[in-house]
Amino acid sequence: MTIRVDAAGAADVLARHREVTVLCHIRPDADALGSSSGLARALRARGVTVHHSFDPGVVPQTLGIIPGTDRVVPLAGVPAHDGLVVTLDCASPDRVGRWDRLADAASEILVIDHHGSNPGFGSHMLLDPAAASTASLVLDVLEAGGFDVDAETATSLYAGLVTDTGSFRWGGTGSHETARRLLSAGAESTELTFALLDAHSFAWLRVLGELLATARLDVDAVGGRGSVWLAVPHEVILVADEDDVESLVSHLRGVREARVAVLLKEYLPGEWAVSLRSRAGGAAADVVDVSAVAAALGGGGHPSAAGCTMHGDLESVSARLRELLR
Ligand code: AMP
Ligand code: MN
Ligand code: MN
């Protein structure tokens, strides 16, 4: 049984433990690594023994700008112990990867997440789909527990907030209020956001041009709302930076003629990480709930940003998605 907790309740769970394993989702983004780094640092300042990891545990180079990611250890090196495991930004147990060994040994598991698709897991769960980022929830927990939020912790949390809100284009007043608290605590924004949101190699420009030339538009899809598609084959994945590949979806999202964007990334031969994006606009002001499409394929996410993993050749994977996005 999972006990639902608020920020103060989550802080109470943290206060019960002297050894804590802090995990975030596989193929982590800045919210996963930012929220976990901030929590890990605040716990260490309290004298808690912290194992900060994810599966498998190699931090992508660009996310290395986030303070605290230098202390991430490989998941295989984390000892099983009977303390606490905290999972951050993980919409389901699958998203934590191969953590059974650690979950089985732990006396308590605290889930902190903001995905509406989360079915609920762990012994305790702080789940708020209205939160702009998991990092926002971590800040609430740290404040509720009287933890020190120094400039480094604030910068880690800010990384999650600024990326998950699309640089504050969505997320509402709550996200700006969280930003105010983090900047007041000394969060660094300029270098961080350049590295996370803007920087790429010169070589990427050529690859980007060639890839974008292969994008396809289907104006009749999703009841006439339109969809835009791009597939990144494994050969390209092999020579590109992962964060550059992940950034492609923002180009698709901007296509006026399409309300739904589909990015297919063949990270392993025949295995596609699918990113779905949806936005309001045009005559029908509704947002197509792409998290429902992702959930139907074993994934999840938010109504306007979701993902799943699919297997097969590009034609069969695309056909299944097209069927769900008619
Ligand atoms: P992405 O397209 O990878 O940036 O993911 C968009 C949103 O969907 C993020 O909030 C992810 O956490 C979530 N998401 C992506 N892939 C999955 C998955 N396989 N299962 C559950 N949620 C996912
Ligand atoms: Mn995430
Ligand atoms: Mn998130």
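Okay, before anything else, one definition: I'll say a charge sits over a ring when NZ of a lysine or CZ of an arginine is within 6 Å of the ring centre and within 35 degrees of the ring normal. Here's a case that fits. Arginine 46 lies over the face of phenylalanine 147, and the distance to the ring centre is 3.8 Å. There's another one too: arginine 322 sits over the face of tryptophan 229, at 6.0 Å from the ring centre. And please keep in mind that this is a predicted model.

Right, on to the metals. Which residues hold the manganese ion we call ligand 3? Its protein donors are Asp31, Asp89 and Asp164, each through OD, plus His114 through NE2. They lie 2.1 to 2.3 Å from the ion. If you want to find them along the chain, the spacing reads D-x57-D-x24-H-x49-D. Take two of those donors: aspartate 31 is in helix H2, residues 30-45, while aspartate 89 is in the loop between strand S4 (84-88) and helix H3 (100-105), so this pair ties together parts that are 58 residues apart in sequence. Are these two buried or exposed? Aspartate 31 has 0% relative accessibility, so it counts as buried. Aspartate 89 comes out at 2%, so that's buried as well.

Now the other manganese ion, ligand 2. Here the protein donors are His25 through NE2, and Asp29 and Asp89 through OD, lying 2.0 to 2.3 Å from the metal. In sequence, that's H-x3-D-x59-D. Aspartate 29 belongs to the loop between strand S2 (19-24) and H2, and aspartate 89 to the loop between S4 and H3, so once again a donor pair ties together separate parts, this time 60 residues apart in sequence. Aspartate 29 is partly exposed, with a relative accessible area of 30%.

You'll have noticed aspartate 89 turning up in both donor lists. What does it do there? It bridges the two manganese ions, ligand 2 and ligand 3, which lie 3.8 Å apart.

Let's move to the rings. How many aromatic pairs does a search of the whole structure find? Two. One is tryptophan 99 with phenylalanine 121, an edge-to-face pair with 6.2 Å centre to centre and 75° between the planes. Tryptophan 99 is in the loop between S4 and H3, and phenylalanine 121 is in the loop between strand S5 (108-113) and strand S6 (124-127), so the pair links distant parts of the chain, 22 residues apart. Both partners are buried: tryptophan 99 at 6% relative accessibility, phenylalanine 121 at 7%.

The other pair is tyrosine 158 with phenylalanine 168. Their ring centres are 6.0 Å apart and the planes meet at 50°, so we call that one tilted. Tyrosine 158 lies in helix H5, residues 151-164, and phenylalanine 168 in the loop between H5 and helix H6 (172-184), so this pair ties together parts 10 residues apart in sequence. Tyrosine 158 is buried too, at 6% relative accessible area.

Last stop, helix H13, residues 314-324. Val317, Ser318 and Leu321 are buried there. Look down the axis of H13 and its buried residues fall within an arc of 95°, so they line one face of the helix. And what covers them? The cover includes strands S8 (227-232), S9 (260-268), S10 (271-278) and S12 (305-311), along with helix H12 (290-296).

That's my tour, thanks everyone.

Terms used:
Residues are numbered from 1 along each chain as its sequence is written. Chains are lettered from A and ligands numbered from 1 in the order in which they are written. This is a predicted model: local features need pLDDT of at least 70, side-chain atom pairs count only at pLDDT 80 or more; totals for chains, interfaces and linings use all residues. Side-chain values use heavy atoms; hydrogens and water are left out. Donors are N, O and S atoms within 2.8 Å of the metal (3.2 Å for Na, K and Ca); water is not among the atoms, so sites may look incomplete. Helices (H or I, at least four residues) and strands (E, at least two) are DSSP runs, numbered from the N terminus. Buried means under 20% relative accessible area, exposed over 50%, partly exposed in between (1.4 Å probe, protein chains only). The arc is that of the directions from the helix axis to the C-beta atoms. Contact means heavy atoms within 4.5 Å. Rings of Phe, Tyr and Trp (its six-membered ring) pair if their centres lie within 6.5 Å; planes under 30 degrees apart count as stacked, over 60 as edge-to-face and the rest as tilted.
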